[in-house]
Amino acid sequence: MSRLESIDTTHLRWFVAVAEELHFARAARGLGISRQRLSGTVIELEEELDTKLFVPGAQPTQLTDDGQALLGEARELLAAAEAAAPAPETDGSERLRVGFVPGVTVTKWERIWADRFPDIALELRPIPMKDQESALREGAVDMCFVRLPIDREGMSAIPLYRELPVVVVPKDHPIALFEQVATKDLTEERMQDASDLDDAAMTMELVAAVSGAAIVPHSIARLHHRKDLVYRTVTDVRETEIALAWPADRTTELVEEFVGVVRGRSQRSSRSPSGQQPDKKKQPAKKPVVKKAAPKKPAAKSRQGGAKNSGKRRGR
């Protein structure tokens, strides 16, 4: 039994929000609660677990080793709880179902969507990597954060970011002394098969048990972080790529809106359906009004001789 199963899932979700943001104020805003309430909950969680989850006084906020380990456990427990939850009854209201494979963090996009479209439900569903393509083609989700490659036929996909590969080794391993290594440095190691990322937790268990090594994407190493293991960047292994994918023939307005959120478009962007303004009927251009210049008054004729000469006669 996990040590977290007795803890309120809401409190675990709040902890994950802080751990991912590494900023209490931002996490509190995203959760819609006060910073004081969030800090108090984290303190209660530390007391309940009898360990420090964040480095006291660290600026910026930093997780302790126990905090890193708890983050991986909490993510797994929350994902399992969400997967086991009964599907909500459809009431005809709009919703968007978005899947994500292990290692992908969707908290930021979930928060932006809730701010922009509070009346449209965003259902986030953890999807095993082996099922990422079938979940899309069979309609289990409308979109999915996938790890490439996938079969692109009939699919739209937006590459988002690349992940560095890392090698995971026991904490007291000689490789732990370096910041990065090459594959030639691992030729003498007992390498564990890490191709099945859905079973990464067991891979980490094997590395710890037999003092071997395994190469996995950086996010997977973080997700399954353990106090007795460390990971170091591998310089000559191909990076993995995360993309947002969906069936091309199901590109709805909600899909386009979510693409805009993920790509960082503003709410008023003309490239998103909600930011487009209806075309106004073109009115015939009005001819400019040309004002006629006022006629100039004729200059007054000057009198000869002036007023004092008007009553005099000329002499003969």
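P60 sits in the loop between helix 3 (35-49) and helix 4 (65-84). Helices here are DSSP runs of H or I of at least four residues, strands are runs of E of at least two, and both are numbered from the N terminus. The bond that joins Q59 to P60 is a cis peptide, with omega about 0°. This is a predicted model, in which local features need pLDDT of at least 70 and side-chain atom pairs count only at pLDDT 80 or more, while totals for chains, interfaces and linings use all residues. Residues are numbered from 1 along each chain as its sequence is written, and side-chain values use heavy atoms, with hydrogens and water left out.

The loop between helix 3 and helix 4 also holds D50. D50 is not a glycine, yet its phi is positive, about 55°. D50 counts as exposed because its relative accessibility is 70%; the cut-offs are under 20% relative accessible area for buried, over 50% for exposed, and partly exposed in between, with a 1.4 Å probe and protein chains only.

There is a second cis peptide bond to mention, between L148 and P149, with omega about 10°. P149 is found in the loop between strand 3 and strand 4.

Now the overall content. The chain has nine helices and nine strands. It has 316 residues, and 39% of them count as buried. About 20500 Å² of the chain is exposed, with carbon and sulfur atoms supplying 49% of that; accessible areas come from the Shrake-Rupley method with a 1.4 Å probe, and for residues only the protein chains shown count as cover. Taking contacts between residues at least 6 apart in sequence, 67% join residues at least 24 apart, where contact means heavy atoms within 4.5 Å.

On to the sheets, beginning with the five-stranded one. It is open, its order is 2-1-3-9-4, and its pairing is mixed. Two strands pair if DSSP finds at least two bridges between them. Strand 2 and strand 4 (155-163) are the edges, each pairing on one side only. From one strand to the next, the twist averages 20°. That angle is between N-to-C directions of lines fitted to C-alpha atoms, for helices over the stretch in contact, and runs from 0 to 180 degrees.

Strand 1 (residues 95-100) has five of its six residues buried. It runs parallel to strand 2 (residues 121-126), and six bridges join the two, with R95 opposite A121. Between strand 1 and strand 2 the chain passes through helix 5 (residues 107-116), and this β-α-β crossover is right-handed. Right-handed means that, with the strands pointing away from the viewer, the path from the first strand over the helix to the second runs clockwise.

Strand 1 also pairs with strand 3 (residues 143-147), parallel, over three bridges; G99 has C144 as its bridge partner there. Strand 3 in turn pairs with strand 9 (residues 240-247), antiparallel, over four bridges, and R147 stands opposite I242.

The other sheet has four strands, is open and mixed, and follows the order 6-8-5-7. Its edges are strand 6 (180-181) and strand 7 (214-217), each pairing on one side only. Strand 6 runs parallel to strand 8 (residues 229-234), joined by two bridges. Q180 has T233 in strand 8 as its bridge partner. Helix 7 (residues 200-210) packs on this sheet, touching strand 5 (165-170), strand 7 and strand 8, and its direction makes about 45° with that of strand 5.

Which residues of helix 7 are buried? They are A200, T203, M204 and V207. Seen down the helix axis, the buried residues fall within an arc of 100°, so they line one face of helix 7; the arc is that of the directions from the helix axis to the C-beta atoms. These buried residues pack against strand 5, strand 7, helix 8 and strand 8.

S211 comes just after helix 7, in the loop between helix 7 and strand 7. Its phi is positive, near 55°, and S211 is not a glycine. S211 counts as partly exposed because its relative accessibility is 41%.

The last residue is H225, in the loop between helix 8 (218-223) and strand 8. Is H225 buried or exposed? H225 counts as buried, because its relative accessibility is 16%. Not counting residues up to four places away in sequence, H225 touches D65, Q68, A69 and Y231.
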